[in-house]
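Where does this protein leave empty space, and which residues line it? Please look over the sequence and the structure before reading on.

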Amino acid sequence: MLGKLLKYEFKATARLFLILYLALIAVSALNALLISLGGSTYGSFDNEVLVTVYSTITGLAIFLYVLISTAVVVATIIIIIVRFYRMLGNEGYLWFTLPVTANQQILGKLIPALVWSFVSTIVFIISFGILLMPMGITEMIQGIPEIWSSLIEMGLNPTLWTVCLLILLIVGGFEGYLMFYASMAIGPNIIKSRLGGTVLAYLILYVAMQIVSTIQMVLLVIPLNNLATSIDNALMWGNIAGVMSAVDSIMVYSTVFYGIAYLVIGIVFYLLTRYFMSRKLNLA
């Protein structure tokens with residue numbers, strides 16, 4: 001049944017996301033074309049009016065790119081939140097008559113949320129690459145292997161850093177969306193207003209998260225201080241490889257520490273959401 005829920009969720013959201021993605025890519029291509037034309041013909045404009053028109057069109061195109069880029073980011077978050085929020089409202093009288101468990105309901109929203117967030121990030125990177133094509137993005141890409149090799153020669157491990165960042169992004173998104181879900185599931189049980197209760201529940205969870213984050217930072221100080229001491233000793237002896245190795249260790253330790261913390265907190269939010277959807281469901 002989870003497969004059917006996922007299929008429905010992707011189908012219900014795909015059209016809007018695809019429109020946003022196509023608009024972003026199209027505006028990126030338009031900007032790339034204008035930049036390319038400007039580089040080859042701008043100097044040949046001997047008419048002040050033409051220069052003004054070109055500058056105005058280019059400015060508007062860049063503004064449109066920024067606007068649509070922002071819209072993609074904001075819309076991704078809003079669509080994901082609204083889809084779950086509506087399920088716990090009037091639509092819930094239909095959703096919760098289906099022969100599915102609370103786990104399936106949550107995963108049916110969470111998995112598409114993570115997928116669309118990932119796809120939105122990839123599309124934004126592609127659009128930015130298209131925008132930079134006239135500025136020599138091809139040469140930049142061709143130079144990446146050399147930069148990669150240089151970092152390795154310095155003693156850093158760029159592959160390790162890339163993997164660590166991806167892990168933090170994934171578990172961070174997992175924890176972030178489940179925090180929203182938990183707020184929406186708890187909210188109607190606090191006050192009669194579903195929206196007001198959701199906001200209040202989110203603020204309570206946010207404050208709790210700030211307290212947890214402070215504790216995490218305190219716990220992280222001691223091991224990071226030890227690694228910082230290792231870096232100082234390596235610098236004293238001119239051991240660059242030792243410095244880079246310690247920097248890699250800091251990244252690994254931070255990733256493991258925060259990755260596990262995000263994962264555990266996300267699971268707590270997941271269990272809270274499941275509990276309130278199963279035992280305290282209030283379709284206000």
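What follows covers the pockets, the cavities and one helix pair.

This is a predicted model. Its largest pocket has a volume of about 590 Å³. The second largest pocket holds about 190 Å³. There are also 3 cavities of 30 Å³ or more. Helices α4 and α6 cross at roughly 135 degrees.

**Largest pocket**

- The volume of the largest pocket is about 590 Å³, and 22 residues line this pocket.
- Closest to the centre of the largest pocket are Leu 114, Ser 117, Phe 118, Thr 121 and Leu 169.
- Two or more lining residues come from each of α2 (48-87), α4 (102-132) and α6 (158-186).
- α6 gives the largest share of the lining, with 9 residues.
- The lining of the largest pocket divides by class into 15 nonpolar, 6 polar and 1 charged residues.

**Second largest pocket**

- The second largest pocket encloses about 190 Å³ of space.
- Its lining consists of Leu 5, Tyr 8, Arg 83, Arg 86, Glu 91, Leu 94, Trp 95, Leu 98 and Lys 109.
- At least two of these residues come from each of α1 (2-41), α2 and α3 (92-95).
- The lining of the second largest pocket has 5 nonpolar and 4 charged residues, with no polar ones.

**Cavities**

- The count of cavities of 30 Å³ or more is 3, and the largest cavity has a volume of about 60 Å³.
- Glu 9, Thr 13, Phe 17, Ile 79, Ile 80 and Arg 83 are among the residues that line the largest cavity.
- The lining of the largest cavity also includes Phe 84, Lys 109, Pro 112, Ala 113, Trp 116 and Tyr 181.
- α1, α2 and α4 each give two or more residues to the lining of the largest cavity.
- By class, the lining of the largest cavity has 8 nonpolar, 1 polar and 3 charged residues.
- Arg 83 and Lys 109 line the largest cavity, and Arg 83 and Lys 109 also line the second largest pocket.

**Helix pair α4 and α6**

- The axes of α4 and α6 come within 10 Å, and their crossing angle is roughly 135 degrees.
- α4 is therefore oblique to α6.
- The crossing of α4 past α6 is right-handed.
- On the α4 side, the contact uses Ile 106, Lys 109, Leu 110, Ala 113, Leu 114 and Ser 117.
- On the α6 side are Gly 173, Phe 174, Tyr 177, Leu 178 and Tyr 181.
- The contact of α4 with α6 has 8 nonpolar, 2 polar and 1 charged residues.
- Leu 114 and Ser 117 take part in this contact, and both are listed among the residues closest to the centre of the largest pocket.

Note on methods. Residues numbered from 1 in each chain as written. Predicted model: local features only at pLDDT ≥ 70, side-chain atom pairs only at ≥ 80, totals over all residues. Heavy atoms only, no water. 1 Å grid on protein atoms, 1.4 Å probe; cavity = no way out; pocket = protein on both sides within 12 Å on 5 of 7 lines; lining within 4 Å. Points joined across faces, edges and corners; volume = space filled by probe spheres on them. Helix = DSSP H or I, 4+ residues; strand = E, 2+ residues; numbered from the N terminus. Nonpolar A, V, L, I, M, F, W, Y, C, P; charged D, E, K, R; others polar. Axes fitted to C-alpha atoms, helices over the stretch in contact; angles between N-to-C directions. Parallel < 35°, antiparallel > 145°, perpendicular 65-115°, else oblique. Left-handed = near helix turned anticlockwise from the far one by under 90°. Contact = heavy atoms within 4.5 Å.
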